[in-house]
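User: I am new to this structure. Please pick one chain, look at it closely and walk me through it.

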Number of protein chains: 2
Amino acid sequence: MLPLRLAFGQTNPIVGDFAGNLAQIIEHCEKAERAGVELLIFGELAVCGYPLGDLSYRKDLVELSELALSELVTKSAAFPSLTILVGFARLAEERSALQSSKALAHNSAAAIRAGQLLGVYDKRLLPNYDVFDDWRNFVPGDRDLVIDVVGTRVAVRICEDIWGGDKESTEADLVAVLNGSPFTFNKTAQRIEAARTFASGKPIAYANLSGGQDELVFDGESFVLDAAGNVTYRAGFDSGLWIAEAGQDYALLADEKLFQVLVRGLRDYLAKTGQGKIVLGLSGGIDSALCAALAAEAMGPQNVLGVSMPSRYSSDHSVTDAELVARNLGIDYRSVPIEKAHAAFESMLELSPLAKENLQARLRAVILMGISNSESRLLLTTGNKSEVAVGYSTIYGDSAGGFAPIKDLLKTDVWRMSRYVNQRANRELIPVSSIEKPPSAELRPGQLDQDSLPDYEILDGIIRILIEQNGTVSDAIAAGFESATVLRTDAMIRAAEWKRSQGAIGTKLSEVSFGTGRRVPLTTRFESK
Amino acid sequence: MLPLRLAFGQTNPIVGDFAGNLAQIIEHCEKAERAGVELLIFGELAVCGYPLGDLSYRKDLVELSELALSELVTKSAAFPSLTILVGFARLAEERSALQSSKALAHNSAAAIRAGQLLGVYDKRLLPNYDVFDDWRNFVPGDRDLVIDVVGTRVAVRICEDIWGGDKESTEADLVAVLNGSPFTFNKTAQRIEAARTFASGKPIAYANLSGGQDELVFDGESFVLDAAGNVTYRAGFDSGLWIAEAGQDYALLADEKLFQVLVRGLRDYLAKTGQGKIVLGLSGGIDSALCAALAAEAMGPQNVLGVSMPSRYSSDHSVTDAELVARNLGIDYRSVPIEKAHAAFESMLELSPLAKENLQARLRAVILMGISNSESRLLLTTGNKSEVAVGYSTIYGDSAGGFAPIKDLLKTDVWRMSRYVNQRANRELIPVSSIEKPPSAELRPGQLDQDSLPDYEILDGIIRILIEQNGTVSDAIAAGFESATVLRTDAMIRAAEWKRSQGAIGTKLSEVSFGTGRRVPLTTRFESK
């Protein structure tokens, strides 16, 4: 049994769009009131959007957040039997002595009922790892908040508060936690474990945001644990009002969840930045095919243009596979052979063999960016994490683009996801030949990825250890990988740091993605042993 | 009078190059011992390099740091009358309860004499603003360290410790502070003020690092304040052993200092990443001319190649000015007209007028990157801060490059610096015609920057308020700028966020540069009022 009739408002806020964010919140309040909900919990900073980054330094933004909260308090008079917990930013009265930052606001939760502000809680434990800069951007709080909701004492916490080791210790019957918790592999289990450990024998209600914000996808799945730590309810992935009914679990299966995360990250980046159309190069290979499938799902096939740009080295199957994926997906298709430009540059420049390969990739980028600029289409760059890790790409060439949908997906996962895309559609969307042929950049005759790189199964295993587990070269060797291969991979990873520093953002999937959560110097001579 | 015979070891470490960093330290120790120095103070993390970024999470790196420190302790037996204070990283025994990070090391200072480790101090106040991620990367300390140096009690602190508001309160006669303090405009005065406020009536010796690390340039200028807060000694900009002699001030004048910072940032980026040669496009304009002058100074003219890439829209003076700057500087010069490639792409693609302009910039990037790849030359991108702010550049075009020497220099400062470059050489290096002609991208006939942008004097004033002072639109209007111009500038700044996220690194000069110290979402609808 749940201690209260409670619901989760999984909103999909846009940073700084106070009117839009508030409209979502109020819509859920109206529905919840009609459904007889007693306690409605929204996500962390649902009023402002999260993360704010250094916009949290903007006093005018924080004041708008306080204003939006006041408006919500006023409007809550229309929902007299509903208690609302919602995240917002508010100006801090004083800073913490331990903190040397420009932070001026708290990351807070307001408890609201029937036109009244019942109380405010300020997040205490401010995460400062991975993508999280809360200690940089917010002032920590230092007070408990316990409110009474129809006789149930509800303790309020925010996100990292429950991950910090200390256990809940207030005199409360239920813990309510407002979260801005982005998807990563296995995060669901980690959240449940953290909540169970923290709640310390009390029931706990965990509310999350939903939707994409830059490289993050908030994956919903708000949940309730009973006093014994069992999951008694779990909401789904999408935004919406999720009324907790005991025994219901709307979580998606793993492959479908990953597919939805990839689609959502891409769709929300376009939607929230006011873009509607996509262009991408179709090489006939699997990476661009998977990106095209994600793009078609995210924006509708009518808004996606695939461009084949064959060169003198392109195989027949590349061109036919490019055309086939476009036809299968129903996206627009265009072919722009690069030979004329290729020949022009060859007559203008003397280039080394490697530079000649890079040249072709850059000519394609010129074409794609020309189309992007002329037709207001966001260019996708289709590199996967294995390539991004070792720098197997041409900067200002195939790495050009405004968004990188699969930059955190290892090549072995690209294969798995591509098969899944066909399986869920119950037909061939991504050509099986693209999935099964040996990967090639086709920048010289007969070229194969495996001429330059370890087998992807091996490469991905090494990347998992060196990057995702922050392991040493010795750790990778101890795990059974050949010493020379590990050292070579480590050297390639280090040499690609400057390229990655100029890479497009893309959806974070793993514990350590190549994005704002991984901050390493470009200038270093550190070599892992 | 100085309380001790003291000296500063201004080393120029490379992150993770323990052997090289230690060699610099030991060389200074030897010299100092010979010169009868009693106390030799090195900079923050001089053993490891600073900042480490997330390499601080690497246990193997921290262990190498401890090992290098042990080696220094052993070798210090050869300098029996010298007390050494040096920065290094060491594994922390436990983490702070307030801290939610992956940090495992302290940012520490060791006091060493005659083969003995006298004590260790761990930095307490961990900055977490601008480029600084110390709270993310290190565990705070909680203990004082006061050592006796020939009868003088010396209290040890590290960098941010003296900026935090609390005053020095140990029973000491002198405060020694180890710093990793990068250059920004007016930083010198800020440091002296912070030291004066902190020392609270005691003399204080402030030691800094020297040299470039990614976007930062540590500008030396270690100094001593007497008990009354007067500067009694100031070291120069360069690395080396600086023995404090009362009354000496080796600080550079402002324009020369800025010039040296720009040169050092560029030189050390190449040197520390193992690169020796440069290529850049010469448009005939002032930005590329200034970058060429900096490059010639940094690496020697024989290692710099300037490439003129005239199009059908290039004016005669552009070509002659490009050639002239190359001749004045004595750098290599090449001309690669883009017409053939331009015509080839026109026959391949239908482009909008704006896309046609961007096309030319991208064709030039293809040429420059071809040369870069073929000849192992680092490509410089020559955009200034005014352009970077409002996105007046073509992504994958003129913004392509591995380093951006003047990305934090406003256009009005580019003019000033260019005049200074000629003045210090006492001849025309940068053609006066490049300095005096109206700026133009020359991507269509008769184009001028001022067709698209406010006058640079106005634009730069607005950027100073909106970016460098984190001001609102209202602040800029209150400062006297026209409302429509401010709003237009603010909108351009916001629209360019995604381009900047893929920009090359470049030397930080201002309080808020476009680099790792400014972290804002790409997806936002926040509009300053």
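Analyst: What follows is a close look at chain A, from its strands and helices to its partner chain.

This is a predicted model, in which local features need pLDDT of at least 70, side-chain atom pairs count only at pLDDT 80 or more, and totals for chains, interfaces and linings use all residues. Residues are numbered from 1 along each chain as its sequence is written, chains are lettered from A and ligands numbered from 1 in the order in which they are written, and side-chain values use heavy atoms, leaving out hydrogens and water.

Confidence comes first. pLDDT is the predictor's confidence in each residue, from 0 to 100. Chain A averages 96, and 99% of its residues score at least 70. For the complex, the predictor gives an ipTM of 0.96 and a pTM of 0.97.

Start with an open sheet of chain A. Helices (H or I, at least four residues) and strands (E, at least two) are DSSP runs, numbered from the N terminus. Two strands pair if DSSP finds at least two bridges between them. Here 4 strands line up in the order 17-16-15-18, with parallel pairing. Strand 17 (332-335) and strand 18 (378-379) are at the edges with a single partner strand each, so one side of each has no neighbour in the sheet. Strand 15 (residues 278-281) is joined to strand 18 by 2 bridges. In that pair, A:Val279 faces A:Leu379 of strand 18.

Helix 6 (residues 286-299) packs on this sheet. Helix 6 touches strand 15 and strand 16 (304-308); contact means heavy atoms within 4.5 Å. The direction of helix 6 makes about 170° with that of strand 15. Axes are lines fitted to C-alpha atoms, for helices over the stretch in contact, with angles from 0 to 180 degrees between N-to-C directions.

A:Leu290 belongs to helix 6. Its relative accessibility is 0%, so A:Leu290 counts as buried (under 20% relative accessible area, with exposed over 50% and partly exposed in between; 1.4 Å probe, protein chains only). Leaving aside residues up to four places away in sequence, its contacts include A:Ile406, A:Leu409, A:Met417 and A:Val421. A:Pro405 is 115 residues from A:Leu290 in sequence, with the two C-alpha atoms 9.3 Å apart.

Now a hairpin. Strand 10 (residues 210-213) and strand 11 (residues 216-219) pair in the antiparallel sense over 4 bridges. A:Ser210 has A:Asp219 as its bridge partner. With 2 residues between the strands, A:Asp214 takes a positive phi near 55°. Strand 11 is covered on both faces. A:Leu216 and A:Phe218 are buried on one side, A:Val217 and A:Asp219 on the other.

Helix 14 (residues 456-468) is next. It is largely enclosed by the rest of the structure, because 10 of its 13 residues are buried. Among them are A:Tyr456, A:Leu459, A:Ile463 and A:Glu468. The cover includes helix 11 (411-425), helix 15 (473-478) and helix 16 (483-495). Just after helix 14, A:Asn470 has a positive phi of about 55°.

Last comes the partner chain. 89 residues of chain A contact 88 residues of chain B. The buried area is about 7400 Å², 59% of it from carbon and sulfur atoms. Buried area is the accessible area (1.4 Å probe) that two parts lose on being put together, summed over both. In chain A, A:Thr523, A:Arg525 and A:Phe526 lose the most area to chain B, together 10% of what that side buries. There are 4 salt bridges across the interface, each a side-chain nitrogen of Lys or Arg within 4 Å of a carboxyl oxygen of Asp or Glu. A:Arg525 forms a salt bridge with B:Asp17, with 3.8 Å between the closest N and O atoms.
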